[in-house]
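Please open the model in a viewer with selection by residue number enabled. The tour below proceeds stop by stop, stating what to select and what is found there.

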Amino acid sequence: MTRIVIIGGGPGGYEAALVAAQLGADVTVVERDGLGGACVLTDCVPSKTLIATSTRMAVMSESASLGLQFSGGPDGIVGGLEVDLGLVNKRVKDLARAQSFDVAERLAYEDVRIVRGEARLTDPHTVTVNGTDIPADVVLIATGATPRVLPGSEPDGERILSWRHLYDLPELPEELIVVGSGVTGAELAGAYTSLGSKVTLVSSRDRILPTEDADAASVLQEVFLRRGMKVLSRSRAAAVQRTGDSVVVTLEDGRKVEGSHCLMTVGMEPNTRGIGLEKAGVKLNRRGFVEVDKVSRTSVGNIYAAGDCTGVMMLASVAAMQGRIAMWHALGEAVQPLKLGWVAANIFTDPEVATVGVSQKMIDAGEVNARSVMLPLFSNPRAKMQGFEDGFVKLFCRPSTGIVLGGVIVAPRASELILGLSIAVQQHLTVDQVAHTFAVYPSLSGSITEASRRLMQESAY
């Protein structure tokens with residue numbers, strides 16, 4: 001029986017464990033903090049739970065046009081709504097613990113051995129935990145990553161924060177400064193704006209979400225500004241200092257921004273130090289991430305890696321797939337290498353931004369030849385009924401064959417809508433096939449089939 005030791009119990013680790021156990025391997029998972037890893041306990045699950053509350057708050061606050069009025073406050077709708085952050089954070093933590101328990105139950109059902117502690121590779125075939133050596137035929141590194149810290153701006157957990165400190169706050173930040181306008185920064189800045197904080201978003205680039213679709217980022221920034229957020233573009237933070245019950249963020253040009261709290265969202269650093277990777281011969285890149293190939297192998301034949309520690313599209317879905325692929329490959333099963341062009345991604349702002357396949361940037365740069373169409377969400381009948389005005393559906397296809405290459409959806413629940421485009425991309429469907437697929441009327445998904453019909457009419461095939 002093949003002995004497999006997995007270091008890390010996040011999505012990359014526990015999904016790999018399930019595959020390996022079902023294939024008959026002897027599986028041990030070593031986890032330091034709790035099953036589900038940071039994804040479940042401190043990062044993805046907690047943040048999306050918080051965002052679910054903030055989105056409900058935004059919908060209620062903007063429902064006057066639908067004929068809804070809330071009594072109880074002098075300011076009408078907003079005056080009638082209050083946020084109990086204690087209850088919000090309790091729900092966040094309870095849900096995270098419940099999800100972690102569910103992961104533990106599933107692994108136990110599959111007879112996966114769980115060891116709590118710090119793991120270290122003694123050699124390519126030995127993992128040491130709490131002074132005990134565990135022999136391994138195959139090792140999977142799934143140790144995740146940690147929020148990056150700017151020197152001189154270290155979080156104190158009270159006023160200067162990483163996102164892992166948010167759910168211990170006793171009250172809603174009155175004036176929150178968010179440093180970093182990538183996915184995490186945009187998600188949490190939007191969430192706390194909707195909950196009632198006065199938010200300033202510090203962006204070092206020309207716009208928020210600088211690596212995402214420009215049209216999507218533009219829509220989202222307009223929504224943020226309309227809701228009262230202040231966005232400082234082309235502004236790079238040089239230092240963050242706490243002064244009693246407030247913070248001061250000093251920008252590189254000398255400007256100072258004052259607030260009650262500062263949330264640092266400036267990237268991630270891999271958890272790869274001090275676990276014996278170099279001693280075992282595992283190569284790391286210059287940023288400390290584990291180098292892997294398309295089947296999750298490292299530079300050492302029997303050692304694989306999955307998840308954020310590899311730096312490959314830091315998404316839970318990618319980590320899980322990397323872990324599964326690693327086990328299928330290690331145990332001799334047929335396996336398809338990881339294809340990043342098939343990955344569907346979502347930004348959990350309000351509205352959400354979902355993408356799959358080729359990007360507008362690739363098309364504009366001449367890397368991909370494609371036709372495109374963009375339908376504004378306000379033209380969709382279901383969107384009109386629900387009062388949704390911000391967003392669009394964008395679709396890309398090959399000019400000659402009409403094969404769907406990718407798309408962007410900016411809409412409420414875009415994370416659910418993107419599945420249809422993801423299937424189309426992976427299965428090489430044409431816009432003709434998508435256009436002839438029934439969509440419910442009225443529905444937001446109807447914009448996908450409508451976009452396909454427009455491209456079908458324009459295509460040369």
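**Stop 1: the domains**

Begin by colouring the protein chain by domain: domain 1 covers 3-70 + 77-146 + 269-340, domain 2 covers 160-266, and domain 3 covers 351-456. The model is a predicted one. Next, display domain 1 and domain 2 together; their C-alpha centres are 27 Å apart.

**Stop 2: the interface of domain 1 and domain 2**

Select the residues through which these two domains meet. On the side of domain 1 there are 20 residues in contact with 16 residues of domain 2. Between them, domain 1 and domain 2 bury about 1,600 Å², and 60% of this area is on carbon and sulfur atoms.

Turn now to the polar side of the interface. The rule finds 10 residue pairs in polar contact across the interface of domain 1 and domain 2, with both residues at pLDDT 80 or more. On the side of domain 1 that touches domain 2, the elements giving two or more residues are helix 3 (44-61), helix 4 (85-109) and strand 8 (145-147). Select helix 3 in particular, as it supplies the largest share of that side, 9 residues. Colouring the side of domain 1 that touches domain 2 by class shows 10 nonpolar, 6 polar and 4 charged residues.

The search also finds 4 salt bridges across the interface of domain 1 and domain 2. For a salt bridge to inspect, select Arg164 and Asp43, whose closest N and O atoms are 2.8 Å apart.

**Stop 3: salt bridges elsewhere in the model**

How many salt bridges does a search of the whole structure find? The search returns 25. Three pairs are visited here.

Select Glu118 and Arg32, which form a salt bridge with the closest N and O atoms 3.7 Å apart. Glu118 is in the loop between strand 3 (113-116) and strand 4 (119-123), while Arg32 is in the loop between strand 2 (26-31) and helix 2 (37-41), so this pair ties together parts that are 86 residues apart in sequence. Glu118 counts as partly exposed, at 48% relative accessibility, and Arg32 is likewise partly exposed, with a relative accessible area of 45%. Add Asp33 to the selection: Arg32, Asp33 and Glu118 are linked in a network of salt bridges.

Move to helix 4 and select Arg97 and Asp94. Their salt bridge has its closest N and O atoms 2.6 Å apart. Because these residues are 3 residues apart in helix 4, about one helical turn separates Arg97 and Asp94. Arg97 has a relative accessible area of 49% and is partly exposed; Asp94 is partly exposed as well, with a value of 30%.

Then select Arg255 and Asp253, whose side chains meet in a salt bridge at 2.7 Å, N to O. Is each partner exposed or partly exposed, and what is the relative accessibility of Asp253? Asp253 counts as exposed at 53% relative accessibility, because the cut-off for that class is over 50%. Arg255, with a relative accessible area of 37%, is partly exposed.

**Stop 4: Thr250 and its surroundings**

Keep Arg255 in view and select Thr250, which has its place in strand 14 (residues 246-251). Thr250 counts as buried, since its relative accessibility of 17% is under the 20% cut-off. Leaving aside residues up to four places away in sequence, Thr250 touches Ala237, Ala238, Ala239, Arg255 and Lys256.

**Stop 5: Thr200**

Select Thr200 in strand 11 (residues 198-202). At 12% relative accessibility, this threonine, Thr200, is buried. Which residues does Thr200 touch, not counting those up to four places away in sequence? The contacts of Thr200 are Leu176, Ile177, Val178, Lys230, Leu232 and Val257.

**Stop 6: Val282**

Finish with Val282, found in the loop between helix 7 (277-280) and strand 18 (303-305). Val282 is buried, its relative accessible area being 4%. With residues up to four places away in sequence not counted, Val282 touches Leu277, Val290, Thr298, Ser299, Val300 and Ile303. As a last step, place a distance marker between the C-alpha atoms of Val282 and Tyr304: the two residues are 22 residues apart along the chain, and the atoms are separated by 9.4 Å.

How values were computed
Residues numbered from 1 in each chain as written. Predicted model: local features only at pLDDT ≥ 70, side-chain atom pairs only at ≥ 80, totals over all residues. Heavy atoms only, no water. Domains from an automatic or database assignment. Contact = heavy atoms within 4.5 Å. Buried area = accessible area lost by both parts, 1.4 Å probe. Polar contact = N/O pair within 3.5 Å; in protein donor to acceptor, adjacent residues only side chain to side chain. Helix = DSSP H or I, 4+ residues; strand = E, 2+ residues; numbered from the N terminus. Nonpolar A, V, L, I, M, F, W, Y, C, P; charged D, E, K, R; others polar. Buried < 20%, exposed > 50% of the residue type's maximum accessible area, 1.4 Å probe, protein only.
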